[in-house]
Amino acid sequence: MMLKYYKKRYEIIMQGTYPINRKKIMLDTLTSDIEQAYAIPMQKDPAWEQKNKEIFSLYSQVSAHKGM
């Protein structure tokens, strides 16, 4: 259920008509929330990524859009 919540937040941010700087802040916050909720490792960990594909996929998407 938690992952569904984070996916919805991401969709709302990306579809919203927020100013770019506001969107970046929202994406930063979302990234931090996902990191904390799922204990995402600070360094690349292929074993963790393989075990948590769906979480890592969302996290990667959000992170990629932070640099808009």
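Okay, so a salt bridge here is a side-chain nitrogen of Lys or Arg within 4 Å of a carboxyl oxygen of Asp or Glu. Keep that cut-off in your heads, and keep in mind that what we're looking at is a predicted model. By that rule, the structure holds four salt bridges, and I'll walk you through three, including Glu49 with Lys44.

Let's begin with that one. Glu49 and Lys44 have their closest N and O atoms 3.3 Å apart, so the pair makes the 4 Å cut-off. The two partners sit in contrasting surroundings: Glu49 is buried, at 16% relative accessibility, while Lys44 is exposed, at 66%.

Next up, Lys7 and Glu54. Here the closest N and O atoms come to 2.6 Å apart. Lys7 is in helix α1, residues 2-15, and Glu54 is in helix α4, residues 53-66, so this bridge ties together parts that are 47 residues apart in sequence. How accessible are those two, then? Lys7 comes out partly exposed at 30% relative accessibility, and Glu54 is partly exposed as well, with 48%.

Helix α1 turns up again in the next pair, Arg9 with Asp33, where the closest N and O atoms are 2.8 Å apart. Arg9 belongs to helix α1 and Asp33 to helix α2, which covers residues 20-38, so to speak of distance along the chain, they're 24 residues apart. Is Arg9 buried or exposed? It's buried, with a relative accessible area of 18%, because buried means under 20%. Asp33, at 24%, counts as partly exposed.

That's what I had on these bridges, so over to you.

Notes: Residues are numbered from 1 along each chain as its sequence is written. This is a predicted model: local features need pLDDT of at least 70, side-chain atom pairs count only at pLDDT 80 or more; totals for chains, interfaces and linings use all residues. Side-chain values use heavy atoms; hydrogens and water are left out. Helices (H or I, at least four residues) and strands (E, at least two) are DSSP runs, numbered from the N terminus. Buried means under 20% relative accessible area, exposed over 50%, partly exposed in between (1.4 Å probe, protein chains only).
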